Amino acid sequence: MSEAATSASTAPDVDQFDAPCRALAQAADAVGEAARYASGLAFGARLPAAALARGGRSRRGWRTLLRTLTDPAGLGWAARGRGAARAGRLAGVLAGRESLAISIAVCGLKARIRAASACRPELLDDPGSAAVLRAAEAGRQAEAVRLFRDIVRERGNEHAFPLLAPSFADILAWNALTDANPFNDHAGWQVATGRAETAPPLLGLGAALRAFCDRGPGLPVRPPAGPVPDRGPVRRRAAAGPPQRPRPLRPAPRPAVGSLRDHAAALRAHAVRLRRAAAWSPGWQGRETAALRAEVEDLAARCATAAGGLALAAAQLQDP
């Protein structure tokens with residue numbers, strides 16, 4: 001049997017990677033929505049006013065809610081939404097505080113990058129793409145972005161994008177979610193979860209203008225204008241289309257969740273799903289996969305902790 005045939009027969013099935021990647025994306029979405037709902041209560045007007053009033057019965061529940069939104073073993077720094085919640089989120093980003101929703105989204109991106117490289121072993125034959133994937137698997141997403149940018153500059157986007165699709169979008173989203181710029185998170189979140197997040201104007205400046213002005217280190221540069229040189233085999237390989245790879249992520253319908261108890265139940269369900277996803281062993285081999293599996297198990301435990309905090313706050317506040 002030829003070497004190509006042997007490689008094809010032993011290549012992992014794409015379907016083996018879909019379930020864990022999808023579970024991570026949906027868990028990130030659910031955690032983000034739970035944090036947004038809890039932030040609306042904790043940083044709104046009604047609950048703090050009732051809690052701070054003399055003899056307020058809501059004080060204990062409000063404190064529990066604030067602890068849950070800032071618990072490093074649970075939701076992390078989880079303020080989301082408008083007003084004081086938005087200011088708290090920006091302060092957390094600038095201070096480098098970690099959020100469970102972002103951590104789950106980044107873990108899902110890492111799983112998708114690993115899935116793409118496992119399904120396309122020929123990527124390791126190209127020195128440029130191999131360097132990008134090695135940097136991504138080692139957790140050096142900024143370096144991976146820089147290396148990808150070098151491929152675009154040296155060989156053109158008609159070579160770089162077909163070569164590394166869809167991993168380049170996941171790497172860029174990973175970098176957007178973890179860099180010090182809080183205004184590009186909505187784009188990274190949309191790639192990671194498949195669900196758009198509103199990017200409201202700041203000081204009258206829209207998101208498009210802020211993205212245009214963002215030229216920090218680690219971001220891709222626009223390729224030079226002008227005619228594209230004929231690259232022969234590269235052009236033909238791109239036209240032929242990439243080999244089999246994981247299907248594009250599509251968000252699941254978001255269930256109706258209208259209380260802290262509902263969000264707590266949703267997070268418990270996602271904790272169970274993540275623990276199941278951590279046992280995806282058939283197609284995942286190697287030291288990097290073991291570390292990824294341990295990370296998913298830790299994220300599942302944090303989901304369960306956050307669910308307990310939300311449930312306790314709901315009981316103390318009589319489930320507002």
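**Briefing: Ala 142, helix α8 and the nonpolar core**

Ala 142 is partly exposed, because its relative accessibility of 38% falls between the 20% limit for buried and the 50% limit for exposed. The model is predicted. Ala 142 sits in helix α8. The points below cover that helix, its packing against α9, and the largest nonpolar core.

**Ala 142**
- Ala 142 and Ala 176 are 34 residues apart along the chain. Their C-alpha atoms are separated by 9.4 Å.

**Packing of α8 and α9**
- Helix α8 spans residues 141–155, and helix α9 spans residues 157–164.
- The two helices pack at an angle of about 140°, and their axes are 7 Å apart. That angle makes α8 oblique to α9.
- From α8, the contact draws on Phe 148, Ile 151, Val 152 and Arg 155.
- From α9, Asn 157, Glu 158, His 159, Ala 160, Phe 161 and Leu 164 take part.
- Sorted by class, this contact has six nonpolar, two polar and two charged residues.

**Largest nonpolar core**
- In soluble globular proteins, nonpolar side chains tend to be buried together.
- Here, the largest nonpolar core holds 69 residues.
- Leu 65, Ile 104, Leu 260 and Leu 267 have the most contacts inside this core.
- Helix α2, residues 15–42, gives the most to the core, with 12 residues.

**Leu 267**
- Leaving aside residues up to four places away in sequence, Leu 267 touches Ala 30, Val 31, Ala 34, Leu 75, Cys 303, Ala 306, Ala 307 and Leu 310.
- Leu 267 is also one of the core residues with the most contacts inside the core.

How values were computed
Residues are numbered from 1 along each chain as its sequence is written. This is a predicted model: local features need pLDDT of at least 70, side-chain atom pairs count only at pLDDT 80 or more; totals for chains, interfaces and linings use all residues. Side-chain values use heavy atoms; hydrogens and water are left out. Axes are lines fitted to C-alpha atoms, for helices over the stretch in contact, and angles run from 0 to 180 degrees between N-to-C directions. Helices (H or I, at least four residues) and strands (E, at least two) are DSSP runs, numbered from the N terminus. Angles under 35 degrees count as roughly parallel, over 145 as roughly antiparallel, 65 to 115 as roughly perpendicular and the rest as oblique. Contact means heavy atoms within 4.5 Å. Ala, Val, Leu, Ile, Met, Phe, Trp, Tyr, Cys and Pro count as nonpolar, Asp, Glu, Lys and Arg as charged, and the others, Gly among them, as polar. A nonpolar core is a set of buried Ala, Val, Leu, Ile, Met, Phe, Trp, Tyr and Cys residues joined through side-chain atoms within 4.5 Å. Buried means under 20% relative accessible area, exposed over 50%, partly exposed in between (1.4 Å probe, protein chains only).
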